[in-house]
Amino acid sequence: MKKDIYKIDNSIEKLLNNKHTLFLDQKELLDIKSKINKNKYNIYYPNKSSEKVILYKDNIPKISLYKINSYNPLKHQQILGSILSLNISPSYLGDIIKYKDEYYFYILSDLDNLIQEEFKYVGSNKITLDLVDVDYLKDYEREYETIEFIVSSPRIDNVIARLINTNRDKVIDLIKDKDVILNYQILTKNSYNLKENDIFSIRRYGKYKYMGIKNITKKDKIVVSVLKYL
């Protein structure tokens with residue numbers, strides 16, 4: 001928690017000194033918006049679906065976009081883990097994107113040398129990198145799978161149980177093990193009622209966006225819609 005507060009305060013200080021922030025997730029962005037006047041910054045979105053953004057005052061920050069080449073299929077979590085294993089702070093790393101069956105990632109250009117020299121493997125898979133134009137994916141819009149199902153309530157444990165086809169006891173175990181992230185924070189209460197546009201991820205199962213109640217059945221249960229990130 002103290003680390004989060006420090007990052008927010010440090011980001012605000014940078015903006016007030018005409019410097020840009022590091023990459024911010026959506027919760028951090030909201031925190032900063034609540035503390036500083038909007039005329040003090042601009043928001044840099046690397047693409048139309050960017051979840052991680054950078055705030056700046058005058059000069060757009062320099063970031064790089066890399067394409068990952070691999071003979072074997074890769075997974076988002078593998079890529080993230082392999083990059084962070086290089087002792088790179090998540091704040092220097094932007095979105096990791098799958099586009100036309102290829103993975104790309106944004107990173108602050110200050111780390112170009114490190115990435116090019118040290119990032120050689122994703123897990124046990126040897127990779128190579130191509131530095132591509134940072135605007136290559138500027139019109140990229142994330143794809144989702146729409147999932148609709150019936151639950152008794154929008155409680156997050158109910159929704160997750162239906163999504164991953166398990167029981168609520170298993171979901172409670174996942175929450176206790178800190179395997180569920182809600183709106184970029186570790187979920188601690190299984191009784192939380194999901195609200196429209198809440199974003200949550202379940203370790204080993206994927207990332208989702210709750211779209212709300214779409215219908216009510218004759219037995220007073222609800223039909224909810226969830227987007228699964230692809």
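User: At 3% relative accessibility, does Asn47 count as buried or exposed?

Analyst: This is a predicted model, and its values are computed from the coordinates. A residue counts as buried when its relative accessible area is under 20%. Asn47 has 3% relative accessibility and is therefore buried.

User: Where is Asn47 found, and which residues does Asn47 touch?

Analyst: Asn47 belongs to the loop between strand S1 (42–44) and strand S2 (54–56). Leaving aside residues up to four places away in sequence, Asn47 touches Ile97, Tyr106, Leu137, Lys138 and Tyr140. For Asn47 and Tyr140, the C-alpha atoms are 5.9 Å apart in space, while the two residues are 93 residues apart in sequence. There is also a local link: the Asn47 side chain reaches the backbone nitrogen of Ser49 at 2.8 Å.

User: How should the burial of a helix be read, and which residues of helix H6 are buried?

Analyst: One lists the buried residues and then asks how they are placed around the axis. In helix H6 (residues 168–176), the residues Val171, Leu174 and Ile175 are buried. These three cover an arc of only 100 degrees around the axis, so they lie on the same side of H6. On the face turned away from that buried side, H6 carries the exposed residues Asp169 and Lys176.

User: What covers the buried residues of H6?

Analyst: The cover includes helix H5 (156–163), strand S10 (180–182) and strand S12 (199–202).

User: What is found at the start of H6, and what just after H6?

Analyst: At the start of H6, Asn167 places a side-chain oxygen within 3.2 Å of the backbone nitrogen of Asp169. Just after H6, Lys178 adopts a positive phi of about 65 degrees.

User: How many of the residues of H5 are buried?

Analyst: H5 is mostly covered, with seven of its eight residues buried. The buried residues are Ile156, Asp157, Asn158, Val159, Ile160, Ala161 and Leu163. Their cover includes H6, S10 and S12, together with strand S9 (144–151), strand S13 (206–216) and strand S14 (222–229).

User: Which phi value does Asn165 take, and where is Asn165 found?

Analyst: In reading such a case, one notes the sign of phi, the residue type and the setting. Asn165 has a phi near 60 degrees, a positive value in a residue other than glycine. Asn165 stands just after H5, in the loop between H5 and H6. A residue is exposed when its relative accessible area is over 50%; Asn165, at 72%, therefore counts as exposed.

User: What is the phi of Asp101, and is Asp101 buried or exposed?

Analyst: Asp101 is not a glycine, yet its phi is positive, at about 65 degrees. Asp101 occupies the loop between strand S4 (93–99) and strand S5 (102–108). With a relative accessible area of 69%, Asp101 is exposed.

User: How is a pocket to be read, and what volume does the second largest pocket have?

Analyst: Empty space is revealed by rolling a probe the size of a water molecule over the atoms. Here, the second largest pocket has a volume of about 290 Å³. Its lining has 17 residues, of which Gln26, Tyr184, Asn197, Ile199 and Lys209 lie nearest the centre of the pocket.

User: Which helix gives the most to the lining of the second largest pocket, and how do the lining residues divide?

Analyst: Helix H2 (residues 26–33) gives the most to this lining, with five residues. By type, the lining of the second largest pocket comprises six nonpolar, five polar and six charged residues.

How values were computed:
Residues are numbered from 1 along each chain as its sequence is written. This is a predicted model: local features need pLDDT of at least 70, side-chain atom pairs count only at pLDDT 80 or more; totals for chains, interfaces and linings use all residues. Side-chain values use heavy atoms; hydrogens and water are left out. Buried means under 20% relative accessible area, exposed over 50%, partly exposed in between (1.4 Å probe, protein chains only). Helices (H or I, at least four residues) and strands (E, at least two) are DSSP runs, numbered from the N terminus. The arc is that of the directions from the helix axis to the C-beta atoms. Contact means heavy atoms within 4.5 Å. A polar contact is a pair of N or O atoms within 3.5 Å; within protein, one must be able to donate a hydrogen and the other to accept it, and residues adjacent in sequence count only if both atoms are side-chain atoms. On a 1 Å grid over the protein atoms alone, a cavity is a set of points where a 1.4 Å probe fits but cannot get out, and a pocket is an open set with protein on both sides within 12 Å along at least five of seven lines; lining residues have an atom within 4 Å of a point. Grid points are joined across faces, edges and corners, and a volume is the space filled by probe spheres set on the points. Ala, Val, Leu, Ile, Met, Phe, Trp, Tyr, Cys and Pro count as nonpolar, Asp, Glu, Lys and Arg as charged, and the others, Gly among them, as polar.
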